Every structure is written in structure tokens, then in C-alpha cells.
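Open the model in your viewer and keep the selection tool at hand. Each stop on this tour asks you to select something and then says what is there.

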Amino acid sequence: MSVATLSPLLVCTDDELLARWSAGAREALEELFRRYRMLAYRVAYRLLGNEADALDAVQEGFVKVLTHLESFQGRSTFKTWLLRVVSNAALDLGRQRGRRELLSLEAPDTEDGDWAQPMTGDDPGLGLERADLRELLDRALATLPAAQRRTFVLHAEAELSYREVAEVMGISIGTVMSRLYYARQKLRAYLGRRLEREQLAGMLTGAV
Amino acid sequence: MKRKANDADAPSPEQLAAYLDGELDLATRARVAQWLETSPAAGALEPLRRLNQVWQDAPCPEPSPAAWDGVLQRIVAATAEPVVVASAPAPLSAGGWSWHLRMAGVAAAILVTTLLLVRPGTQQNATAPGPQAVRVLRVAGDDDIEIISMEAADIDILVVGQPPVRGPFVLAMPGDVILESIGPDPTDGMMPQVRNMEQSNPDGPMILAPLGLASNR
């Protein structure tokens, strides 16, 4: 594709697109949406566990950032600001729609702990299909405290650096590292037990 | 000859994870790398790698193009709507305020009344006649603020949690509510008793704030 056929919006920075949108250019909004919709969706999906709710959170997040541009004073990137708002919207949505924790947070988080309930729909004779694995990850994430879950999702799913995660959540990088550590410990403990049948537990357990 | 790693050189588990994530500074990364070369516990990274792999093996399902189009259309529609905000407080001589307000308003601060109209299928209504330059009213969520300190007397009025309803806020205009009385509030200031004049939803929820006598809020 020659340069001449590229939309000029593709080379605009986020700030330029925001300025264009503020001036009434709808196509600037569409470009911003195209750039960040999937990233926002993946974060929301991991926090909510289903497509419909995740799309609602993405929609709400975009609407909030675009109607509160005066709050965005360039102290962060548009990406981190958007993800902050979207992840907030996702957590709010999860609470309002009664996203029940699949496992009690009071359950012991040691590798030898007795988890509250086994996986539903598991057939010991079948390997884990991708959808099953996704459901398993969703259940595992649900065992994390909200702050750890959000920190882990922003890093692992949105692929934000520690500094960017700290910026999104308004915490120190040290706190990011600590939350990621504990989140990973809990996830490994949960997944290890349930993947044991698939002979993957040995690859997840370890000294860390 | 490589020096054998000892416990004193062992990086913390957080540092090991940060090493795998590529988040360490050069000096620390080099130290951890050296430790990994000589430590029998260097296999500690493997579980982290496997967890990353499990994560990557189950990516999020991608919405359909139609789903994306629907979201975009709703965003465009929502951001094209004017944001309804309260006008400046109506002067006491404005029609619609009861004589109670005129009598009590001399001492009371600005009354902030939010009328929540929960009507299915409706959007925010621009109740102000004609176009207006309005300021956006920001409503903070519980993640937007951090409580630094508070007075003990305020604990009873501290709202923790989510707004009671999901939907747009419609701020009251003069004539939307009638002030029936003002009485002392158990916390500090005065609490108004108002009546909703909204005929379609006379019992709709409202948020009222007690106001101090000595200062405007």
C-alpha cells in the first residue's frame, strides 16, 4: 500500500486524534476506537469473563474518557488513561451485575488447600480445549482479590510495563511487583491442582 | 571460574518475576542472570514461564465486526448527547421555590439536589431551553478518590460503594423540586426536605447533601 493511500489519521498521535475529535471529526473517534478497542476489550474480558459485559465496559470506558477530556491533562498516555477507566468500569460492572466469585476468597491459598468446589463440566477423559482453558483461567482469576486481579490483567493481558500498570492504578512500582508476585502464586496454586489431570501441574509448581 | 551462587546473592521472587518480565534495570538484571547461571534453584523461572504459556494458550475470543460496530455506534451516540449539568443556583426570586426556602435560604448554603430519574429507555434530557455552554459535572467513583483523613462526625455520611442506579444523572432545575422544610441534620449543618415535582416519577430517588450553615459547598 503506498503512503498516498494511507489515511492521514493513521499517522496521527493520540493527542492529535483527540484534538480532531474535539473539533468535531467523527473519524478521529473511529480511529481511536480502532486502535484501542481490542486492548480495552481484553482487559475487560479478563475482569468480567464474558463478551457482552466486556463490550459494555469498553463502551462505557470510551464514553467516559471522551466526555471527560478535561480530566486528561497529559499526565499519562491516552492508552493508560483509557485502560484505567475501562478497568474501573469493568470492576464496577462486575459488582453491579453480581459477578459472584467462583471460589471464596477466604479459601486457603496454599497449594495443599482444599478448594471449595471442583471444576464443572470437566471430563477427565478429555484434554483441555481452548474454551475450557479460558474458563479455567477465568475461575482462577476470580479467586484473586480485585486489586491483584486488576494488576495481573493489566500486565499479562494488556502487556503494560510495570511503570504503566503503576500509572494506571496509581500505585508504586514496588506494589505492582508485590501484587504480581502474590497473584501469580495464587494462580499457579489454583491452576496446578486443576490441571493435574492434564499432567501440566508439574510444569507449574516450583520454588518461586 | 564462576563463583557459586549463595543465598546472599539470591534475588527475591519478585525480582525473578521482574527478570522474566524484562523489567529489571541493567545492573540488577546482570546480577540475577549471574545468579541463575550458578544457582541450583535457577529452575524457579520455569513455573513462571509455564504460567505465561497457559495464559497465551487461551486468548480472549474476539467480538464480531457487527458487535464492534454496535459498540462504536453507541459511543458516537452517547458522546454526541449534551451533558446535563446543574445551572447556577436559581435566585430566590425564581418561580417554583416555596416560601419555606425564601425564609430559610438566607442561612442555608447552596442546595445541591440530584434528581435521579430511572425511566427505562430514556436518555439524559437537556432540560435547559436552547443551547447552553455547560460545565461537565464529574461524579467520582470509589476508585477515583483516596480518603486521606476524615473527621469522626463524618463517618455516618460516608458513602462507600457504587451509585444506587446505573444511568444518567439528571440534575434538578428550578421547579423540579419543592423545598418543604429545612431541619437540623444529625451530622453537621441542615438537611432539606424536598418534594419531587416530576410527575412521571414522583418517588424517584434523590441525592441530597446536608449543607453547612457557615459556608457554601
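Begin by selecting A:Glu159, which sits in the loop between helix 6 and helix 7 (162–169) of chain A. Please keep in mind throughout the tour that this is a predicted model. Is A:Glu159 buried or exposed? With a relative accessibility of 61%, A:Glu159 counts as exposed, because the cut-off for that class is over 50%. If your viewer can show backbone angles, look at phi of A:Glu159, which is near 60 degrees and therefore positive, although this residue is not a glycine. As background, most residues other than glycine have a negative phi.

Next, select A:Arg184, which belongs to helix 8 of chain A. The relative accessibility of A:Arg184 is 4%, so this residue counts as buried, the limit being under 20%. Which residues surround it in the model? Once neighbours within four places in sequence are left aside, A:Arg184 is in contact with A:Phe152, A:His155 and A:Tyr162 from chain A, and with B:Ala17, B:Asp21, B:Leu48, B:Leu51 and B:Asn52 from chain B.

Now add B:Asp21 to the selection and display both side chains, since B:Asp21 and A:Arg184 meet in a salt bridge with an N to O distance of 3.0 Å. Across the interface of chain A and chain B, the rule finds one salt bridge. Polar contacts can be shown here too, and between the two chains the count is nine residue pairs, with both residues at pLDDT 80 or more.

Widen the view and colour the side of chain A that touches chain B. Helix 2 (26–48), helix 3 (51–67), helix 4 (78–96), helix 5 (130–142), helix 6 (146–156), helix 8 (173–194) and helix 9 (201–204) of chain A each supply at least two of its residues. Which helix of chain A gives the largest share of this side? That is helix 2 of chain A, with ten residues. Sorted by kind, the residues of this side of chain A are 24 nonpolar, eleven polar and 18 charged.

With both partners selected, you can see that 53 residues of chain A are in contact with 41 residues of chain B. The area buried between chain A and chain B is about 4,600 Å², and carbon and sulfur atoms give 68% of that area.

Move on to B:Asp57, found in the loop between helix 3 (45–56) and helix 4 (65–80) of chain B. At 35% relative accessibility, B:Asp57 counts as partly exposed. Not counting residues up to four places away in sequence, B:Asp57 touches A:Arg130 and A:Leu133.

Then select chain B as a whole, whose secondary structure comes to five helices and five strands. Following chain B from the N terminus, you meet the elements in the order α-α-α-α-α-β-β-β-β-β. Chain B has 217 residues, of which 29% count as buried, and it exposes about 13,600 Å², with carbon and sulfur atoms supplying 56% of this. Among the contacts in chain B with a separation of 6 or more, 57% are between residues 24 or more positions apart.

For the last stop, select B:Ile178 in strand 3 (residues 177–184) of chain B. B:Ile178 has a relative accessibility of 15% and so counts as buried. Add B:Met197 and compare two separations: B:Ile178 and B:Met197 are 19 residues apart in sequence, while in space they are 6.9 Å apart, C-alpha to C-alpha.

How values were computed
Residues are numbered from 1 along each chain as its sequence is written. Chains are lettered from A and ligands numbered from 1 in the order in which they are written. This is a predicted model: local features need pLDDT of at least 70, side-chain atom pairs count only at pLDDT 80 or more; totals for chains, interfaces and linings use all residues. Side-chain values use heavy atoms; hydrogens and water are left out. Contact means heavy atoms within 4.5 Å. Buried area is the accessible area (1.4 Å probe) that two parts lose on being put together, summed over both. A salt bridge is a side-chain nitrogen of Lys or Arg within 4 Å of a carboxyl oxygen of Asp or Glu. A polar contact is a pair of N or O atoms within 3.5 Å; within protein, one must be able to donate a hydrogen and the other to accept it, and residues adjacent in sequence count only if both atoms are side-chain atoms. Helices (H or I, at least four residues) and strands (E, at least two) are DSSP runs, numbered from the N terminus. Ala, Val, Leu, Ile, Met, Phe, Trp, Tyr, Cys and Pro count as nonpolar, Asp, Glu, Lys and Arg as charged, and the others, Gly among them, as polar. Buried means under 20% relative accessible area, exposed over 50%, partly exposed in between (1.4 Å probe, protein chains only). Accessible areas come from the Shrake-Rupley method with a 1.4 Å probe; for residues, only the protein chains shown count as cover.
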